[in-house]
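Got your viewer open and a hand on the mouse? Follow along: each stop tells you what to select and what you'll find there.

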Amino acid sequence: MNSTSTSLAIVANRVLPSLSGAQLTYNAEKNILLTMGYTSQAGNTYYRAIRLSPRLAVFYNIGEGYKYTFLNGITLFAFDGRKPRIIGQRTWGGYNWVVFSEDFARRQSILMVRDFLQGQMRMLNAPCQEQQLMEMSRQLIAETEQKRLM
């Protein structure tokens with residue numbers, strides 16, 4: 001493990017306490033951290049897939065059934081200088097279930113970041129065009145997808 005990977009692991013454990021002590025594996029092909037899953041009595045397996053950047057942590061709540069892999073929810077975290085805080089969350093399930101796809105998860109994450117930034121801009125009474133918000137949101141989510149671990 002190189003020093004960048006070691007530093008990232010230390011920072012993740014410090015700023016994302018929900019990961020501390022959790023057993024994680026890294027899927028290099030998908031560039032994603034995976035938590036240990038658990039299997040329900042119905043035989044479905046549930047786990048989180050996590051992507052990190054210096055600014056964001058994206059948690060995908062995933063369920064694997066006998067036929068499909070489902071996206072049950074996405075939670076976005078940002079570090080506020082003291083601790084991580086939720087800046088966006090969406091859930092699906094029941095009759096509103098969604099088959100997991102990287103493209104759908106990315107689009108939803110981008111929209112959640114856009115909504116957060118838009119709210120912050122309104123609070124500051126600072127006008128911003130939708131195109132600028134979307135570009136910044138795409139860039140921030142793209143940073144979570146960049147390969148950082150080896």
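Start right after helix H2, where you'll find Asn 125, a residue with a positive phi near 55°. Keep in mind that you are looking at a predicted model. Asn 125 is worth a click, as its positive phi turns up in a residue other than glycine. The residue sits in the loop between H2 and H3. Is Asn 125 buried or exposed? Exposed: its relative accessible area is 69%.

**Stop two: helix H2 itself**

Now select residues 102-123, which make up helix H2. The helix has 22 residues and reaches 32 Å from its first C-alpha to its last, close to the 32 Å expected at 1.5 Å a residue.

Next, colour the buried residues of H2: Phe 104, Ala 105, Gln 108, Ser 109, Ile 110, Met 112, Val 113, Arg 114 and Phe 116. What do these residues pack against? Show strand E5 (56-64), strand E6 (69-79), E7 and H3, and you have the partners of the buried residues of H2.

**Stop three: charged pairs on H2**

Stay on the helix and select Asp 103 and Arg 106. They form a salt bridge, with the closest N and O atoms 3.7 Å apart. The two are three residues apart in H2, so about one helical turn separates them. Here's the handy rule behind that: an α-helix has 3.6 residues a turn, so residues three or four places apart point the same way. Asp 103 is partly exposed at 40% relative accessible area, and Arg 106 is partly exposed too, at 28%.

Now pick Glu 102 and look across to Arg 51. This is another salt bridge, and its closest N and O atoms are 3.0 Å apart. Which parts of the protein does the pair tie together? Arg 51 belongs to strand E4 (residues 45-52) and Glu 102 to helix H2, so the bridge joins parts that are 51 residues apart in sequence. Check the surroundings of both ends: Arg 51 counts as buried, at 5% relative accessibility, whereas Glu 102 is partly exposed, at 22%.

**Stop four: more salt bridges**

Move on to helix H3 and select Glu 135 and Arg 138. Both lie in this helix (residues 130-145), three residues apart, about one turn of the helix. They form a salt bridge too, with 3.8 Å between the closest N and O atoms. Glu 135 is partly exposed at 46% relative accessibility, and so is Arg 138, with a relative accessible area of 41%.

Then select Arg 90, Arg 114, Asp 115 and Glu 130 together. These residues are linked in a network of salt bridges. You've already met Arg 114, as one of the buried residues of H2. How many salt bridges are there in total? The count comes to eight.

**Stop five: rings**

Time for aromatics. The count here comes to seven aromatic pairs. To see one of them, select Phe 70 and Trp 97: their ring centres are 5.3 Å apart and their planes meet at 85°, so the pair is edge-to-face. This pair links distant parts of the chain, with Phe 70 in strand E6 and Trp 97 in the loop between E7 and H2, 27 residues apart. Trp 97 counts as partly exposed, at 45% relative accessibility.

Add Tyr 68 to your selection. Ring pairs link Tyr 68, Phe 70 and Trp 97 into a cluster.

**Stop six: a nonpolar patch**

Keep Tyr 68 and Trp 97, drop Phe 70, and add Val 99. Turn on the surface: Tyr 68, Trp 97 and Val 99 form a nonpolar patch with about 280 Å² of accessible area together. Val 99 is in the loop between strand E7 (84-91) and H2, and counts as partly exposed at 36% relative accessibility.

**Last stop: zoom out**

Finally, show everything as a cartoon. You should see three helices and seven strands. Follow the chain from the N terminus and the elements run α-β-β-β-β-β-β-β-α-α. Of the 150 residues, 33% count as buried. Switch the surface back on for the whole protein: the accessible area comes to about 9600 Å², and 52% of that belongs to carbon and sulfur atoms. One more number to take away: among contacts with a separation of 6 or more, 39% are between residues 24 or more positions apart.

Conventions:
Residues numbered from 1 in each chain as written. Predicted model: local features only at pLDDT ≥ 70, side-chain atom pairs only at ≥ 80, totals over all residues. Heavy atoms only, no water. Salt bridge = Lys/Arg side-chain N within 4 Å of Asp/Glu carboxyl O. Helix = DSSP H or I, 4+ residues; strand = E, 2+ residues; numbered from the N terminus. Buried < 20%, exposed > 50% of the residue type's maximum accessible area, 1.4 Å probe, protein only. Patch = residues over 30% accessible without salt bridge, like charges linked within 9 Å, V, L, I, M, F, W, Y side chains within 5 Å. Areas by Shrake-Rupley, 256 points an atom, 1.4 Å probe, with all protein chains shown as cover. Contact = heavy atoms within 4.5 Å. Expected span 1.5 Å × (residues − 1). Phe/Tyr/Trp six-rings, centres within 6.5 Å; stacked < 30°, edge-to-face > 60°.
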